[in-house]
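Please open the model in your viewer and display it as a cartoon. The tour proceeds selection by selection.

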Amino acid sequence: MKLDLGFLESARNVNRSALERRVTSLTKRRSIKADNQAAWLLRAVTCMDLTTLNSNDTAERVRRLCAKAINPFRADIVEGLGIAGANIRPAAVCVYHPFVATAAEAVRGTGIHVAAVSTAFPHGLAPLDTRLKEIEASVRDGADEIDVVIPRGLVFSAKWQELYDEIVQMRAACGEAHLKVILGTGDLATLRNVMLASMVAMMAGADFIKTSTGKESFNATLPVGLIMVRAIRAYFEETGFLVGFKPAGGISTAKASLDWLVLMKEELGRPWLEPDLFRFGASSLLTDIERQLEHHLTGRYSANHRHALA
């Protein structure tokens with residue numbers, strides 16, 4: 001849609017204390033146990049972008065990550081849970097651009113998507129033409145999802161038209177690939193900035209809005225997530241378009257994944273518990289979920305090294 005500054009202005013007011021009270025009530029009023037917990041954790045796995053974004057990544061490490069995505073659980077856990085043939089896998093693997101072709105080849109035919117972090121990740125400060133060419137190169141190499149970074153300075157200076165125009169061009173460069181717009185919420189300073197940046201990104205054509213690069217000092221937090229999902233709800237009520245949400249950075253425990261799933265269910269409803277509208281950006285989360293599922297079956301916690309990941 002066109003940039004609607006009037007709609008944007010209507011979203012400026014944010015009640016931080018009310019948001020924090022809501023988050024506290026969400027995480028304390030529900031207790032998910034036993035078989036229900038196992039089922040919710042399996043749902044979390046299907047909504048995961050299994051990620052490696054390290055400076056020392058190699059093609060072999062990416063291939064190991066893809067192998068883990070294809071077979072996320074040990075055989076005894078699959079048998080114990082009775083999920084053989086259920087095709088419970090992460091929705092995507094997320095890698096830097098140089099490893100997109102490697103990942104695309106490794107997951108070919110499995111239904112697992114390949115997401116590329118593009119546009120001068122994590123700072124987003126390269127010239128726009130350079131960032132657009134990186135998106136196009138990732139799509140050519142086989143990425144069907146593109147995670148782009150916005151220049152946070154455009155938010156601080158309220159240059160909404162410039163931010164909108166950049167994201168529109170990124171959307172066009174993606175072609176048929178899905179566009180996930182990373183706001184870098186840990187750098188945005190206020191929840192108001194998060195709300196306004198979310199709205200501009202959705203107006204410009206984002207398929208998903210994403211909290212963080214995982215490289216900021218503060219990454220995905222529930223209050224930030226709540227303001228973003230309420231932006232998604234307001235945008236849906238205004239336009240009828242469904243936009244996805246991806247929290248990323250610091251989500252490393254099974255308990256945390258349950259908190260995020262409860263947030264989505266309570267605020268946006270059942271449709272947002274599907275991978276086409278909700279993703280976790282995670283690297284170590286899968287290991288802890290696998291440990292929790294083994295505990296569900298055996299009553300014992302195993303060591304992390306028994307659940308190898310890349």
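The stops below cover the sheet, the helices on it, two helix pairs and the loops.

**Before starting**

This is a predicted model, in which local features need pLDDT of at least 70 and side-chain atom pairs count only at pLDDT 80 or more, whereas totals for chains, interfaces and linings use all residues. Residues are numbered from 1 along each chain as its sequence is written, and side-chain values use heavy atoms, with hydrogens and water left out.

**Stop 1: the sheet**

Select the strands and follow the open sheet of 8 strands in the order β7-β6-β5-β4-β3-β2-β1-β8, paired in the parallel sense. The edges are β7 (244-246) and β8 (280-282), each of which pairs on one side only. On average, neighbouring strands of this sheet are turned by 25 degrees against each other, direction ignored. Helices (H or I, at least four residues) and strands (E, at least two) are DSSP runs numbered from the N terminus, and two strands pair if DSSP finds at least two bridges between them. Strands of a sheet pair through backbone hydrogen bonds, either parallel or antiparallel.

**Stop 2: β4, β5 and β6**

Select residues 145-149 (β4) and 178-182 (β5), which pair in the parallel sense over 5 bridges. Within this pairing, Ile 146 stands opposite Leu 179 of β5, and Asp 147 has Lys 180 of β5 as its bridge partner. Now add residues 208-210: this is β6, which runs parallel to β5 and is joined to it by 3 bridges. Here Lys 180 stands opposite Phe 208 of β6. Is β5 mostly covered or mostly open? It is mostly covered, with 4 of its 5 residues buried; buried means under 20% relative accessible area, exposed over 50%, and partly exposed in between (1.4 Å probe, protein chains only).

**Stop 3: β2 and β3**

Move to residues 92-96, strand β2, which runs parallel to β3 and is joined to it by 5 bridges. Highlight Cys 94 and its bridge partner in β3, Ala 115. In β3, 4 of the 5 residues are buried, and the strand is mostly covered.

**Stop 4: helices on the sheet**

Show helix α9 (residues 160-174), which lies across β4 and β5 and runs at about 145 degrees to β5. Then show helix α13 (residues 285-298), which packs on the sheet, touching β1 (48-51) and β8, with its direction at about 120 degrees to that of β1. Axes are lines fitted to C-alpha atoms, for helices over the stretch in contact, and angles run from 0 to 180 degrees between N-to-C directions. Contact means heavy atoms within 4.5 Å.

**Stop 5: α3 against α13**

Keep α13 and add helix α3 (residues 34-46); the two pack at an angle of about 155 degrees, with their axes 10 Å apart. α3 is therefore roughly antiparallel to α13 (angles under 35 degrees count as roughly parallel, over 145 as roughly antiparallel, 65 to 115 as roughly perpendicular and the rest as oblique). The crossing of α3 past α13 is left-handed, that is, the near helix is turned anticlockwise from the far one by less than a right angle, a clockwise turn being right-handed. Show side chains at this contact, including Leu 41 and Leu 42 of α3 and Ile 289 and Leu 293 of α13. By class, the contact has 9 nonpolar, 3 polar and 1 charged residues. Ala, Val, Leu, Ile, Met, Phe, Trp, Tyr, Cys and Pro count as nonpolar, Asp, Glu, Lys and Arg as charged, and the others, Gly among them, as polar.

**Stop 6: α2 against α12**

Select residues 16-29 (α2) and 254-267 (α12), whose axes come within 10 Å and cross at roughly 110 degrees. The two helices α2 and α12 are therefore roughly perpendicular to each other, and their crossing is right-handed. Arg 22, Leu 26, Thr 27 and Arg 29 of α2 meet Asp 259, Val 262, Leu 263, Glu 266 and Glu 267 of α12. These residues divide into 3 nonpolar, 1 polar and 5 charged.

**Stop 7: loop residues**

Zoom to Phe 121 and Pro 122, joined by a cis peptide bond with omega of about 5 degrees. Pro 122 is in the loop between β3 (113-117) and α7 (128-141), and Thr 119 lies in the loop between β3 and α7 too. Thr 119 has a positive phi, near 60 degrees, in a residue other than glycine; at 0% relative accessibility, Thr 119 counts as buried. Finally, select Ala 158, in the loop between α8 (152-156) and α9. Its phi is near 55 degrees, a positive value in a residue other than glycine, and Ala 158 is partly exposed, with a relative accessible area of 43%.
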